[in-house]
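Dear colleague,

Please find below the structure that I am handing over to you, together with its sequence. My findings are set out after it.

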Amino acid sequence: MIPVTKPFLPPIEDYKKYLDDIWSRNWLTNMGPLASKLEMTLKDYLSVNHLLYVTNGTVALQLAIKALELNGEIITTPFSFVATTSSIVWEGCMPKFVDIDPHTLNIDPSKIEAAIGPDTSAILATHVYGNPCDVEAIDKIAKKHNLKVIYDGAHAFGVKVNGKSIFEYGDISTCSLHATKLYHSAEGGLVITKDSELLKKIAHMRNFGISGYSSFSDLGLNGKNSELHAAMGLVNFDWLERIISRRLEITERYAENLKNIKAKVPVWHKNSNQNGAYLVYVLESEDLLLKIKSTLDSFEIFTRRYFYPSLSSSLPYLSPVDMEITDDIARRVLCLPLYYELTNDEVDWICRLILRSQNN
Ligand SMILES: Cc1ncc(COP(=O)(O)O)c(C=O)c1O
């Protein structure tokens, strides 16, 4: 069986060393030393000003929306994981979907202005598959209309634009360190902002709104992460370069083998690097996708229609709206297996099956 993804697991002995440490301290959560160390490590690695380690990428988004005091409508992409949209609704705001660019698969900045209304307070855009949005165009529109910008960078760990971290763009960026992500701490998320006041506010919000032993500065929730999760993040950090380079190697091998596939890959931001987060093809037709998927299924090779269906047409708590490009892409997009341990032979086998299925 070949899954579409497999969480990276470091040698257990390395993790056990951290467990011994945790046991000796008897400090399991509440901004412990490992969580702080992880924050410093990631802050340095990503070269960002301020960063907070939180429970997961969804809570990171909720904290971002709450901290920016957003209300009314938030312009967002229908082509993302459900947490992008659900966080908006959870925080009492209304998503206003704007269709995606058919080449980059990110929100199409040229369609944003037409969607701005008197109730619009922000833009929440996802760097889909780690491919940076057109951050310059979005920031320009946001400034012109006095809107806040949040980037959902759940997939974008380690990506840079114009030589600086993608997480430095927008008022707040978030990231997910979920087990399926290329770099993970089993569960986990990051909130990144250049604004130190905002960071302080989110740090209080992450801890129930508590600002001192007996004072509250804001409405809060429990967005802290534990020492056990931070330890996983620290151990995995030692493997990060190897993980990314292996994932990129695999990506290249797929590309080489699948030169004749009847599909396109997302057009990547030209001033940016790839991080090997996902292996994505937009097939020529949904019929071809279903054919390839069922061939692979029959060999217990699992793929994922990520993201399908479009968020704009499938959420029971929102009225459906047609999004021509997203609806079409969502029907034709397929993620293939990609994880550190996937072997070259397995990649070659998957590719042979795909080409055979396509040409039959
Ligand atoms: C685009 C996007 N946003 C948000 C999330 C939520 O992250 P988490 O699973 O860490 O809550 C995910 C998770 O897969 C995601 O893909």
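The notes that follow go through the findings by topic.

Please bear in mind throughout that this is a predicted model.

**The loop between α1 and α2**

I begin with the loop that joins α1 (12–25) and α2 (33–46), where Leu28 is found. Asn26 has its place in this loop as well, and so does Asn30.

The backbone deserves attention here. Most residues other than glycine have a negative phi. Asn26, although not a glycine, has a positive phi of about 55°. Asn30 is not a glycine either, and its phi is also positive, at about 65°.

How exposed or buried are these residues? Asn26 has a relative accessible area of 65% and is therefore exposed, the cut-off for that class being over 50%. Asn30, at 41% relative accessibility, counts as partly exposed. Leu28 is likewise partly exposed, with a relative accessible area of 44%.

Leu28 also belongs to a nonpolar patch on the surface, which it forms with Trp23 and Leu228. Together, these three residues have about 330 Å² of accessible area.

**Helix packing**

Two helix pairs are described here. In the first, helix α3 (residues 57–67) packs against helix α4 (residues 82–90) at an angle of about 40°, and their axes are 9 Å apart. That angle makes α3 oblique to α4. The crossing of α3 and α4 is right-handed.

In the second, helix α9 (residues 240–257) and helix α13 (residues 344–359) pack with their axes 10 Å apart, at an angle of about 30°. This makes α9 roughly parallel to α13, because angles under 35 degrees are placed in that class. The crossing of α9 and α13 is right-handed.

**Salt bridges**

How many salt bridges are there? The count comes to 15. I describe three of them.

One of them lies within helix α9, the helix already mentioned in connection with α13. The side chains of Glu249 and Arg246 meet in a salt bridge with an N to O distance of 2.7 Å. Both residues lie in helix α9, 3 residues apart, which is about one turn of the helix. Glu249 is partly exposed, with a relative accessible area of 46%, whereas Arg246 counts as buried at 14% relative accessibility.

Another joins Arg305 and Glu286, whose side chains meet at 2.9 Å, N to O. This pair links distant parts of the chain: Arg305 is in the loop between α10 and α11, Glu286 is in helix α10, and the two are 19 residues apart. Arg305 counts as buried, at 15% relative accessibility, while Glu286 is partly exposed at 25%.

The third salt bridge is formed by Lys111 and Asp108, with the closest N and O atoms 3.8 Å apart. This pair still qualifies because the limit is 4 Å. Lys111 counts as partly exposed, at 33% relative accessibility. Asp108 is buried, its relative accessible area being 10%.

**The loop between α10 and α11**

The loop that holds Arg305 also contains two residues at cis peptide bonds. As background, most peptide bonds are trans. Which bonds are cis in this loop? The peptide bond from Tyr306 to Phe307 is cis, with omega near 15°. Phe307 lies in the loop between α10 (286–298) and α11 (311–314). A cis peptide bond also joins Tyr308 and Pro309, where omega is about -5°. Pro309 is found in the loop between α10 and α11.

**Asp134 and Asn106**

Finally, I note a pair of residues separated in sequence. Asp134 and Asn106 are 28 residues apart along the sequence, and their C-alpha atoms are 8.1 Å apart in space. Asp134 has its place in the loop between β4 (120–126) and α6 (135–145). At 36% relative accessibility, Asp134 counts as partly exposed.

Should you wish to examine the model yourself, the two loops treated above may serve as starting points: the loop between α1 and α2, where Asn26 has its positive phi, and the loop between α10 and α11, where Pro309 is found.

With kind regards

Notes. Residues numbered from 1 in each chain as written. Predicted model: local features only at pLDDT ≥ 70, side-chain atom pairs only at ≥ 80, totals over all residues. Heavy atoms only, no water. Patch = residues over 30% accessible without salt bridge, like charges linked within 9 Å, V, L, I, M, F, W, Y side chains within 5 Å. Areas by Shrake-Rupley, 256 points an atom, 1.4 Å probe, with all protein chains shown as cover. Helix = DSSP H or I, 4+ residues; strand = E, 2+ residues; numbered from the N terminus. Buried < 20%, exposed > 50% of the residue type's maximum accessible area, 1.4 Å probe, protein only. Axes fitted to C-alpha atoms, helices over the stretch in contact; angles between N-to-C directions. Parallel < 35°, antiparallel > 145°, perpendicular 65-115°, else oblique. Left-handed = near helix turned anticlockwise from the far one by under 90°.
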